[in-house]
Amino acid sequence: MKLKLEKVHRDGERRVALTREKFRVSGLVRPFAAAQQVEVRLVRRGRVIHRVRKRLRPVQGGRAGAFETAYRARRAGPIKVRAVHLRTPQLAVAPAATWLAVLQPDLSSQTMVRLFQKGLAKLHYVTSRGGVYDSATARAVMAYRKVRGLPRTYSATRDIVRDVLRGKGRFHVRHPGDGRHVEADISRQVLALIEGRNVRRIYHTSTGSPATPTVLGRFRVYRKSPGTNSHGMVHSSYFIGGYAIHGYHSVPPYNASHGCLRVPIPDAWSIYEWIGMGTVVRVYP
C-alpha cells in the first residue's frame, strides 16, 4: 500500500495542514480485488480521532485499487495517519502510515513563517525565505495588504496567512502588450516588475503626494543613475523629466513623494538592475 497526503503544505519533508482546513488522505493498493476495503485511522496522542472505511475502486486498468477520504482538523498537534487493508481470502493485511503536523495559521513557529514566506514568494511578493519574520517579510506583507485593499500595516493576521497559503492576492497585469515593463498602481501604491502577462516581483511603493502628484501615462526609462544623489535618491531610473523609480529612506504606506516612485532602499538595487534603458513604465490611477 502507498499512502499520500493531499491539500497540505510542505516544509522540507514535513507535511503541514492548517486547523479548520480540509486535507485529503489517498492511497493505492496492489493488486486490486473487488469489494476490498481499507480502514483509515487518524490518531492524536494515542487516541483515534477519526476512523472510516473506504471501498477500493479499480485504477490503472484494474491493476491497483484506490481510495481517498478527507478530514478537517480543529486542533493543532501531530497526527499519525494509518491505513490498513483489511484481511480477505484474496489479500492479506497491508498497513501503511505517515505523519502530519496540524498548525494554527499564525507566525509563532519557524515552520509557519517559512510556509508563509514561500506562499508570498509564489505570489511574487519579494520576501526572505529563512523562517524569520524580518523587515523584508514585513515589506512583502505591506505590498500584499495594498494589493488586497486591506489596512496598510506590516503585520500578518491569521486570515492573511490562510489567504496567502491559498494563493489569494495576485497582482493582475493591465498592460501585457508592453512586454518587459513596470506597472505602478497609484491607488494601491504598489509597483510591479512584469514580463508580458507574468508578474516577476511586487513591491511596496510611495508615489507623489496630492501636492506633487506622479504623472500618469506610458513612459520609457531614458536615464539611469546608480548610487545616491544629492537629494537622497538611491539607484534611480528616470522615466520622464526628473521623475524616477528610486530607493529612499522614507517609504510610507501612502503617497508622499515629490512625484517619483519611491521604493525601500533594500529593494532599490535589484529593481535598478532589472530595469533597462528603454524599459516601459506604466503609471495609472
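Let's begin with a contact between two charged side chains: glutamate 6 and arginine 24 meet in a salt bridge, with N and O 3.1 Å apart. Glutamate 6 belongs to strand β1 and arginine 24 to strand β4 (residues 22–29), so this pair ties together parts of the chain that are 18 residues apart in sequence. Arginine 24 itself counts as partly exposed, at 24% relative accessibility. Keep in mind as you look around that this is a predicted model.

That contact has company, since the count comes to 17 salt bridges. Another one to find is the bridge between arginine 158 and aspartate 106, where the closest N and O atoms are 3.2 Å apart. Here distant parts of the chain are linked: arginine 158 sits in helix α3 (residues 158–165), while aspartate 106 sits in the loop between β10 (94–103) and α1 (110–122), 52 residues apart. Both partners are partly exposed, arginine 158 with a relative accessible area of 42% and aspartate 106 with one of 22%.

Now turn to aspartate 178 and arginine 218, whose side chains also meet in a salt bridge, at 3.1 Å from N to O. Aspartate 178 lies in the loop between α3 and β11 (180–185) and arginine 218 in strand β14 (residues 217–220), so the pair ties together parts that are 40 residues apart in sequence. How covered are the two ends of this bridge? Aspartate 178 is buried, because its relative accessible area of 13% falls under the 20% cut-off. Arginine 218, in contrast, counts as partly exposed at 41%.

Salt bridges can also join up into a network, and you can trace one through Glu21, Arg148, Arg162, Asp163 and Arg166.

Next, the strands. A good place to start is strand β5 (residues 37–44), which is mostly covered: 6 of its 8 residues are buried. β5 pairs with strand β6 (residues 47–55) through 8 bridges, and the two run antiparallel. Within this pairing, glutamate 39 stands opposite arginine 53 in β6. The two strands form a hairpin with 2 residues between them, and arginine 45 in the turn has a positive phi of about 55°.

β5 has a second partner to look at as well: β5 and β9 pair in the antiparallel sense over 6 bridges. There you will find leucine 42 opposite valine 81 in β9.

From β9 you can step onward to β10. Strand β9 (residues 77–85) and β10 are joined by 9 bridges, again in the antiparallel sense, and lysine 80 stands opposite tryptophan 99 in β10. What is the direction of the pairing between strand β3 (residues 14–18) and β10, parallel or antiparallel? These strands run parallel, with 3 bridges joining them. Leucine 18 faces leucine 103 of β10 in this arrangement. The walk from β6 to β3 thus passes through the pairings of β5 with β6, β5 with β9, β9 with β10 and β3 with β10.

Finally, have a look at the surface. Lys7, Arg20, Lys22, Arg72 and Arg74 form a positive patch there. One of these residues, lysine 7, is found in the loop between β1 (2–6) and β2 (9–11). Why does lysine 7 count as exposed? Its relative accessible area is 61%, and the cut-off for exposed is over 50%. That brings us back to where we began, as glutamate 6 of the opening salt bridge lies in strand β1.

Definitions and conventions:
Residues are numbered from 1 along each chain as its sequence is written. This is a predicted model: local features need pLDDT of at least 70, side-chain atom pairs count only at pLDDT 80 or more; totals for chains, interfaces and linings use all residues. Side-chain values use heavy atoms; hydrogens and water are left out. Patches are made of residues with over 30% relative accessible area and no salt bridge: like charges are joined within 9 Å, nonpolar side chains (Val, Leu, Ile, Met, Phe, Trp, Tyr) within 5 Å. Accessible areas come from the Shrake-Rupley method with a 1.4 Å probe; for residues, only the protein chains shown count as cover. A salt bridge is a side-chain nitrogen of Lys or Arg within 4 Å of a carboxyl oxygen of Asp or Glu. Lys and Arg count as positive and Asp and Glu as negative; His and the chain ends are not counted. The place of a charge is taken as NZ of Lys, CZ of Arg, CG of Asp or CD of Glu. Helices (H or I, at least four residues) and strands (E, at least two) are DSSP runs, numbered from the N terminus. Buried means under 20% relative accessible area, exposed over 50%, partly exposed in between (1.4 Å probe, protein chains only). Two strands pair if DSSP finds at least two bridges between them.
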